[in-house]
Amino acid sequence: MNGKLKITLIAQQTGLSISTVSRVLAGKANTSESARQKVMACARQYGILQDLSQGRLMLNNLVIFAPPRAFSVRSDIFYYKVIQSIIDALRPYEMRISSCGLEEERSDSALFVEKMNHPHTQAALIIGIDDPHIHSLAADLNKPCVLINCSDRDMRLDSVSPDHQLIGEFSASYLFQQGHREILNLQCLRRNTMELRLAGIRQAWARQNLIFDAGQHLVTTAGFGAEEAELAVTSWLSALPDRRRWPSAILAGGDFMAMGAVAAVNKLGLSVPGDISVMSTDSSNLAEIHDVPLTSVQVPRDELGVEAIQLLQRRLLRPTAPPCNLLLQGKLAVRESVRRVNAHKMQPALSTHHPRLYDDRA
């Protein structure tokens, strides 16, 4: 059955004009919601929606929910770039995009419901919101909704995230492969995603048959800024006057944190990577322009928005399909901030359990 016959069939079954059916299937905005629902239901019934939808997006109005800082490049460049990738992915379509700021936890549920129940809202993307009540409301409202960099513990919503746990394990394992054993992990554990990375780091230690001691191998900060990271690393190193117990490498939770670690090392009269290596995760372009180009694991960012749109389309085509959690892998960028060492010649750090090493990451 060719495309014209399919449109004719849908028009006959729905009582709509051929031009209206054509506009709906082309993703045009100048159609009513009732007409769109009739066309979509009929197309699914006859099993012809999949072929018709290729290269089209079967909705016209989308709302993006994210923490308020996500809408400012100065406040949160990662989420800002994710939102820009969504806008870029939707640029070829007749799409009306609105946005709404929600706190990561204890979100304004009344505001969320108001936005979701707006007549123009056909679908939603929820970025970095950890409030399970918001996730539950999104599932109950029965409009296509995809989570980005967060997950629905009730398993009712589609989601796409970096594979934080695997990224954490991979990053720590890379430093082990370079011969490092005294590894200090510099991390902000503000969100569950960072806890997942720390779990991956711990797993890397276990694979090396090493005991991870948070008191020795982990320094946490309240945020991801360079200044507080510098203060935290300076304080930690200064508390160990015996430099033989200092780490040979620092694994930082982001580029700005890595910048702070490099600054702390330099102020103590040491060099990177000559004395202490520094590695970053959550890499951005900053890793390339830093005074010491940072070896880093590049966490998927722009890809999150693109894949979220694909999940929305899948949900429109197959509304009864089981929800899925899509995990995107990172990519190693080897630069100049990590050196390879001979682990057998290094003085092991002391452990309360037995002679030991260092590591972590978040």
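Q: Buried means under 20% relative accessible area, exposed means over 50%, and partly exposed lies in between; why, in this predicted model, is R156 called partly exposed?
A: R156 has a relative accessibility of 37%, and because the partly exposed class runs between the 20% and 50% limits, R156 falls into that class.

Q: What makes D140 and R156 a salt bridge?
A: The closest N and O atoms of D140 and R156 are 2.5 Å apart, and since the rule asks for a side-chain nitrogen of Lys or Arg within 4 Å of a carboxyl oxygen of Asp or Glu, the pair qualifies as a salt bridge. The bridge links distant parts of the chain, with D140 in helix α7 (residues 132-140) and R156 in the loop between β4 (145-148) and β5 (158-162), 16 residues apart.

Q: How do you know that E104 and R69 form a salt bridge, and what does the pair tie together?
A: The N to O distance between the two side chains is 2.8 Å, which satisfies the 4 Å limit, and the contact therefore counts as a salt bridge. E104 belongs to the loop between β2 (96-101) and α6 (109-116), while R69 belongs to the loop between β1 (61-66) and α5 (77-90), so the pair ties together parts that are 35 residues apart in sequence.

Q: Which of the terms buried and partly exposed applies to E104, and which to R69?
A: With a relative accessible area of 14%, E104 is under the 20% limit and is therefore buried. R69 has 23% relative accessibility, a value between the two limits, so R69 counts as partly exposed.

Q: Which network of salt bridges includes E104 and R69, and how many salt bridges are counted in the protein?
A: The network links R69, D76, E104, D130 and R191, and the count by this rule comes to 12 salt bridges.

Q: Why is the pair of D302 and R301 also called a salt bridge, and how is each residue classed?
A: The closest N and O atoms of D302 and R301 are 3.3 Å apart, which is within the 4 Å limit, so the pair counts as a salt bridge. D302, at 36% relative accessibility, counts as partly exposed, whereas R301, at 17%, counts as buried.

Q: What makes V73, I77 and F256 a nonpolar patch?
A: Members of a patch need over 30% relative accessible area and no salt bridge, and nonpolar side chains are joined within 5 Å; V73, in the loop between β1 and α5, has 41% relative accessibility and counts as partly exposed, so V73 passes the area condition. Together V73, I77 and F256 have about 240 Å² of accessible area on the surface.

Q: How do you know whether N149 is buried or exposed, and what does its side chain make a polar contact with?
A: N149, in the loop between β4 and β5, has a relative accessible area of 5%, which is under the 20% limit, so N149 is buried. Its side chain is 2.7 Å from that of H164, and because polar contacts are counted within 3.5 Å, the pair is listed as one. Leaving aside residues up to four places away in sequence, N149 touches residues including Y79, G128, V160 and R191.

Q: Why are T20, V21, V24 and L25 placed on the same side of helix α2?
A: These residues of α2 (residues 18-25) are buried, and they cover an arc of only 130° around the axis, which puts them on the same side of the helix.

Q: What makes the backbone at R106, M155 and P273 worth a remark?
A: Most residues other than glycine have a negative phi, and most peptide bonds are trans. R106, in the loop between β2 and α6, has a positive phi of about 55°, and M155, in the loop between β4 and β5, has a phi near 60°. Relative accessibility is 76% for R106 and 68% for M155, and because both values are over 50%, both residues count as exposed. The peptide bond from V272 to P273 is cis, with omega near 5°, and P273 lies in the loop between α12 (255-267) and β9 (277-281).

Technical notes. Residues are numbered from 1 along each chain as its sequence is written. This is a predicted model: local features need pLDDT of at least 70, side-chain atom pairs count only at pLDDT 80 or more; totals for chains, interfaces and linings use all residues. Side-chain values use heavy atoms; hydrogens and water are left out. Helices (H or I, at least four residues) and strands (E, at least two) are DSSP runs, numbered from the N terminus. Buried means under 20% relative accessible area, exposed over 50%, partly exposed in between (1.4 Å probe, protein chains only). Patches are made of residues with over 30% relative accessible area and no salt bridge: like charges are joined within 9 Å, nonpolar side chains (Val, Leu, Ile, Met, Phe, Trp, Tyr) within 5 Å. Accessible areas come from the Shrake-Rupley method with a 1.4 Å probe; for residues, only the protein chains shown count as cover. A polar contact is a pair of N or O atoms within 3.5 Å; within protein, one must be able to donate a hydrogen and the other to accept it, and residues adjacent in sequence count only if both atoms are side-chain atoms. Contact means heavy atoms within 4.5 Å. The arc is that of the directions from the helix axis to the C-beta atoms.
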